[in-house]
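Q: I would like a close look at a single part of this model, with the cut-offs stated as you go.

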Amino acid sequence: IDVKAEKSRLEKAKAVLEKEITSLTEKLSQEDFVAKAPPAVIEKNQARLTESRESLTKIQEALERLAGV
């Protein structure tokens, strides 16, 4: 395994997820959006937020493991 390349790939994925988490968090914190959006849309966004947070945690753990290599 090319540790440097893997770290680079994980860092890019981490940045994408952080951006998505920020966007979803902002969207779900807007009262207008929550008030007007159908419940299915809100649930979908909440599920995406949860999945993104879980993925980010896994990536951070992988980066920590690679830091020790």
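Which residues does L49 touch, not counting residues up to four places away in sequence? Please set L49 in its surroundings too.

A: This is a predicted model, in which local features need pLDDT of at least 70 and side-chain atom pairs count only at pLDDT 80 or more, while totals for chains, interfaces and linings use all residues. Residues are numbered from 1 along each chain as its sequence is written, and side-chain values use heavy atoms, with hydrogens and water left out.

L49 touches I21, L24, T25 and L28, leaving out residues up to four places away in sequence; contact means heavy atoms within 4.5 Å. L49 is one of the buried residues of α3, a list that also holds I42, N45, S52, L56, I59, A62, L63 and L66. Buried means under 20% relative accessible area, exposed over 50%, and partly exposed in between, with a 1.4 Å probe and protein chains only. Helices are DSSP runs of H or I with at least four residues, numbered from the N terminus.

The helix that carries L49, α3, has 29 residues. From its first C-alpha to its last, α3 reaches 42 Å, close to the 42 Å expected at 1.5 Å a residue; the expected span is 1.5 Å times one less than the number of residues. The cover over the buried residues of α3 includes α1 and α2.

On the other side of these contacts, the buried residues of α1 are L10, K14, L17, I21, L24 and L28. They pack against α2 (31–36) and α3 (39–67). Helix α1 covers residues 3–29, and its end C-alpha atoms are 38 Å apart, which agrees with the 39 Å that its 27 residues should span. At the N-terminal end of α1, D2 acts as a cap, with a side-chain oxygen 3.3 Å from the backbone nitrogen of K4.

S52, also in helix α3, counts as buried because its relative accessibility is 4%. Outside its neighbours within four places in sequence, S52 is in contact with L17, E20, I21 and L24.

L49 is also among the residues with the most contacts inside the largest nonpolar core, together with L10, L28, F33, I42 and I59. That core has 14 residues, and the elements giving two or more residues to it are α1 and α3. The most comes from α3, with seven residues. A nonpolar core is a set of buried Ala, Val, Leu, Ile, Met, Phe, Trp, Tyr and Cys residues joined through side-chain atoms within 4.5 Å. In soluble globular proteins, nonpolar side chains tend to be buried together.

Charged pairs complete the picture. The structure holds two salt bridges, each a side-chain nitrogen of Lys or Arg within 4 Å of a carboxyl oxygen of Asp or Glu. One joins E20 and R48, whose closest N and O atoms are 3.2 Å apart. This pair links distant parts of the chain, with E20 in helix α1 and R48 in helix α3, 28 residues apart. E20 is partly exposed because its relative accessible area is 24%, and R48 is partly exposed at 34%. The other salt bridge is between the side chains of R9 and E6, at 2.7 Å from N to O. R9 and E6 are three residues apart in helix α1, so about one helical turn separates them. R9 counts as partly exposed, at 46% relative accessibility.

Terms used. A polar contact is a pair of N or O atoms within 3.5 Å; within protein, one must be able to donate a hydrogen and the other to accept it, and residues adjacent in sequence count only if both atoms are side-chain atoms.
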